Amino acid sequence: MNISTADRKSALHNQANQELESLVSRGLRAVGNGFSPVLLVKGDLNAAEIAGGELLAGADGNALRSALSAVGFAPEDFCGMAAVYGEGTDASAGASGGPLSVEFFREAVEAFDPEAVILLDDAATALMREAYADALAAIEDFNTAMLMPGLVAPVLGRRVLALDGFEAALADRAAKQRMWAYLKQIRPAAAPY
């Protein structure tokens, strides 16, 4: 039985959609293009986000979209997820507003399968550190393995960049410039030819 390339792509697309829908039903809060090469993870939600507003809809989301576009990503190359549970309909979901379980976080990152993960704050970084401790232990440089802000860590074929409070940095010019310098390290991967 021959399967066409179009049928194969369609099946893979449907499978990925089902995985993402399952994650959302279990309490994942996400926004943007689930098939994008960049995943932004936010652990410290602002008041609007805690109240149920869209994730990364404020000044931080606008600044991130602008920065990612400036380094070469297309506007649709944007996906964000919260490192805390949203409203889940599945009984296995954690308490709304509580941190994602390590297993659930790792399942979500693997389902999105981004080429780069940007951790926007210390809460997101701590969760990544715990969920990927095995992969981080293989990194020789201690600071990179600990996901120190501004260092790009290779984690299972992905580039991971930790920022130490992106949203708070927007209020301070020097901190904002530091964030921009960090983000410039994450550019789109080169074409494979």
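Let me start with Val-41, which, leaving aside its neighbours within four places in sequence, is in contact with Met-81, Ala-83, Phe-105, Val-117, Ile-118, Leu-119, Leu-120 and Ala-124. I should say at once that what we have here is a predicted model.

Val-41 belongs to the largest nonpolar core, which has 32 residues, and it is listed together with Met-81, Phe-105 and Leu-119 as having the most contacts inside that core. Helix H4 gives the most to this core, with six residues. Apart from it lies another core, this one of 26 residues, and among them are Val-31, Leu-55, Leu-120 and Leu-183.

Now to the sheet. How are its strands ordered? It is an open sheet of six strands, running S1-S3-S2-S4-S6-S5, and the pairing is mixed. Strand S1, residues 30-32, and S5 stand at the edges with a single partner strand each, so one side of each is left without a neighbour in the sheet. On average, and with direction ignored, neighbouring strands of this sheet are turned by 20° against each other. Within the sheet, S2 and strand S3, residues 79-82, pair in the parallel sense over four bridges, and the bridge partner of Leu-40 in S3 is Gly-80.

Let me turn to helix H5, residues 122-131, whose buried residues are Ala-124, Thr-125, Leu-127, Met-128 and Ala-131. Why can we speak of these residues as lining one face of the helix? Seen down the axis of H5, they fall within an arc of 165°, and therefore they line one face. On the other side of H5, Asp-122 and Glu-130 are exposed. As for what the buried residues of H5 pack against, the partners are helix H4 (102-112) and helix H6 (133-136), together with the strands S2 (38-42), S4 (116-119), S5 (152-155) and S6 (158-162). Ala-124, one of the buried residues of H5, is also among the contacts of Val-41 that I began with. At the N-terminal end, H5 is capped by Asp-121, a side-chain oxygen of which lies 3.3 Å from the backbone nitrogen of Ala-123.

Finally, a word on Thr-144, which lies in helix H7, residues 142-145. Is Thr-144 buried or exposed? Its relative accessible area is 12%, and because the cut-off for buried is under 20%, Thr-144 counts as buried. Not counting residues up to four places away in sequence, Thr-144 touches Ile-139, Leu-151, Val-152, Ala-153 and Pro-154.

Notes
Residues are numbered from 1 along each chain as its sequence is written. This is a predicted model: local features need pLDDT of at least 70, side-chain atom pairs count only at pLDDT 80 or more; totals for chains, interfaces and linings use all residues. Side-chain values use heavy atoms; hydrogens and water are left out. Helices (H or I, at least four residues) and strands (E, at least two) are DSSP runs, numbered from the N terminus. Buried means under 20% relative accessible area, exposed over 50%, partly exposed in between (1.4 Å probe, protein chains only). Contact means heavy atoms within 4.5 Å. The arc is that of the directions from the helix axis to the C-beta atoms. A polar contact is a pair of N or O atoms within 3.5 Å; within protein, one must be able to donate a hydrogen and the other to accept it, and residues adjacent in sequence count only if both atoms are side-chain atoms. Two strands pair if DSSP finds at least two bridges between them. Axes are lines fitted to C-alpha atoms, for helices over the stretch in contact, and angles run from 0 to 180 degrees between N-to-C directions. A nonpolar core is a set of buried Ala, Val, Leu, Ile, Met, Phe, Trp, Tyr and Cys residues joined through side-chain atoms within 4.5 Å.
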